[in-house]
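User: Could you take a close look at one aromatic residue for me and then show how it fits with the other ring contacts? I'd enjoy a connected walk-through.

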Amino acid sequence: MVERITNDLLRRGLLILALLLPGAALAAESAAVTSPRVTATLLSSRDVVAPGERFQVALSQKIAKGWHTYWANPGDSGEPTRIAWTLPTGFNAGAIQWPAPKALPVEPLVNFGFSDAVLLPVEISVPEGAQPGERLTLKANATWLVCEKICIPEEGSFTLDLKVGTAPVADEAAQSRIDAARAALPQPAAFRAKLTQDGDALALALPGLAQPVEELRYFPLLETLIEHAAPQTATNTAGGTTLQLTRSSSFKVGETELGGVITYREAGVPRALSLMADVEPALVNSTAAAEAPQIAKAPAVVRVATAPESNLTLWAALAFAFAGGLILNLMPCVLPVLFIKALGFAQAAQASRAEVREQGLLFLCGVLASFIILAGAVITLAALGTSIGWGFQLQSPPVVIALAVIMVLIGLNLLGAFEIGGSVQGAGHGLASSGGRLGAFMTGGLAVIVATPCTAPFMGAAMGYAVTQPPQIALAVFLALALGFAAPVVILSFAPGWLRMLPKPGRWMVILKQAFAFPMFATATWLVWVASVQAGPGGVLAALAAILAAGFLVWLLGLGRGAGGRTRIALSAVALFVAVSAGAFVLQSAVPSATDPARAGEIEAWSPERVSALQAEGRPVFVNFTAAWCITCLANERVALVRQEVKDAFAKLNVAYLKADWTNRNATIAAALAEHGRAGVPLYLFYPGTRGGQAEVLPQLLTTDMLIEAAGRAAGKEAKTAQNGP
């Protein structure tokens, strides 16, 4: 009996000692999870909790200079911090109590979030049935995105060991920090705001702000409401303040009331109010609520801000498209076709100004018609749920082979093996004929077709913008690209004085015309090589057979010009048979081969799963989205990617090189391009060597220094995700 009483007294004494000295056995702050960017801990306002009470915990983030984490609505890019709880039975955790965010410019975007340090309070409720003396373990797994020029997803696991007592015992230091953070939370506004349509903009009426305030800014919880980077203009009246807001380009509202926060300074003192805004019924889309993800539950899209293309306006997209079209004229896949037009202008140098202008305008019409057809195909297939991009027609081996045949025939025509549409030897001859007009129009169309393997600077941004917009906007971007592409030829046709500076027609013109045949043959050679990549040896055989059949057809047609009626009919029948047979052979033979895209030694085939696996191993990953028919891609490989210094840097930093080959159609690659705002190749991504790390998007034109520096950033110490076990 005495021993039992002694043991009971000893247990009670130990419990009292634990309650009096809670730090000896309890933890009001978890172990820290540390990375070079963020140091995170979980705080508890209690060392001992009481049955039925509610107490506060908070996730503390100390953020390195220049980096930031995100608010509930991250703004133009980013992802909010999330906490997943593992609690004892009966315990419940509330939502994060968000402090007022700051607008964080990351040109040309604006993010909403926190820098330096932030405390995110969460309320925990204790069940009435909790037993005094019971030991508790609260576990939380938090994820957050921290960004500077690149974005690094981080995570940490946190554990708090608490006890249940008959009365709560506070941890004074943690309680003080959490109380200060909660006191700084946005206070509920004493008024309701009203959101209305104001022309093309939005107006947010704030009747409770009758006096002018400074630095007023509205932070909506809904991501699809406003353009976050646009200025917000305040107008004060006796009835309050009205904020002029710019509608989001993806505007969508599904509720009649919206939550948000306003921040401002009043007499130099910072203020923050949480408010609800009544939405004008005309702004509400009844399907938006079902379609739009909830901010607190669904991950936000992470858009890495690396270039102005990330957030284009319509006018910027039109300007980029026009500039891209101009530069496209300098691409090697376009120059051979433009040689033909230059030759025609040279021959017309002594003709009337009206005839030369007509040639230029017909070329423009051919370019516009071809771009309209391409735009129609992209828009129609996108509406049907099929993703295609710039250069999509060259993903078809039969189309590639047909273009190779056309290039060979043009080359033979320039060499004088045969004539199309009458002789073009004499200056100005045939310009006024229907053949000359048709030739000018078709030259514009052909130039567009062979231009599509190339992606000029600025084009990637413009095309990526176009394919995500309504049809009328997408068509406007394509037309701007067409105008830029045709501009040099049209300007030249309206400035015949430049052409008259050339010598008078003579033998030099015949020699020049013949010389232009060889760029055509070079282009045909390249197209046959593209067919070999797409369809293997069968593609080469089909291309050579098609070229042979085309030459034979031209010879037959030449024989038929001076023949009698029966002979001409017979020759036409043979020509038709040859054409049909050759076409059938091409369609049968030009089947994409199932070659291994990873056959190039250390270069592996790309897949999203492979990227994730390599990041899990801690390896930085370089992904090259390319195609055999993409001249820009091939130029980057020759200029930068195959350079020994780049290979040495990749080897030293253990960079994995993956290639996403879009030579043939691939829905997964098309979706990945669309995800990064691109409608075509090239696209270059550098992933850090950390699980789930977001890619840095490199420019479309590469240099060795650019690749080496990007590899260093991806492989640096800053590219490791913070993780910690319980």
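Analyst: In this predicted model, F552 has a relative accessible area of 35%, so F552 counts as partly exposed, between the 20% limit for buried and the 50% limit for exposed. F552 lies in helix α14 (residues 537-561) together with W555. The two are three residues apart, about one turn of the helix. Their ring centres are 5.8 Å apart and the planes stand at 35 degrees, so the pair is tilted; a stacked pair would need planes under 30 degrees apart, and an edge-to-face pair over 60.

Happily, there is plenty to set beside it: the structure holds twelve aromatic pairs. Among them is W71 with F219, an edge-to-face pair at 6.1 Å centre to centre with 70 degrees between the planes. This pair links distant parts of the chain, 148 residues apart, with W71 in strand β5 and F219 in strand β17 (residues 214-220). Both W71 and F219 are buried.

Strand β5 also takes us to a sheet: β5, β9 and β8 form an open, antiparallel sheet in that order. Because β5 (69-75) and β8 (102-106) each have a single partner strand, they stand at the edges, and one side of each is left without a neighbour in the sheet. The twist averages 50 degrees from one strand to the next. β8 pairs with β9 (residues 109-114) over five bridges.

Back to the rings: F622, F650, Y657, Y684 and F686 form one aromatic cluster. Charges meet rings too, with R37 over the face of W67 at 5.8 Å from the ring centre, and the charged end of R247 over the ring of F251, 3.9 Å from its centre.

Methods: Residues are numbered from 1 along each chain as its sequence is written. This is a predicted model: local features need pLDDT of at least 70, side-chain atom pairs count only at pLDDT 80 or more; totals for chains, interfaces and linings use all residues. Side-chain values use heavy atoms; hydrogens and water are left out. Two strands pair if DSSP finds at least two bridges between them. Helices (H or I, at least four residues) and strands (E, at least two) are DSSP runs, numbered from the N terminus. Axes are lines fitted to C-alpha atoms, for helices over the stretch in contact, and angles run from 0 to 180 degrees between N-to-C directions. Rings of Phe, Tyr and Trp (its six-membered ring) pair if their centres lie within 6.5 Å; planes under 30 degrees apart count as stacked, over 60 as edge-to-face and the rest as tilted. Buried means under 20% relative accessible area, exposed over 50%, partly exposed in between (1.4 Å probe, protein chains only). A charge sits over a ring if NZ of Lys or CZ of Arg is within 6 Å of the ring centre and within 35 degrees of the ring normal.
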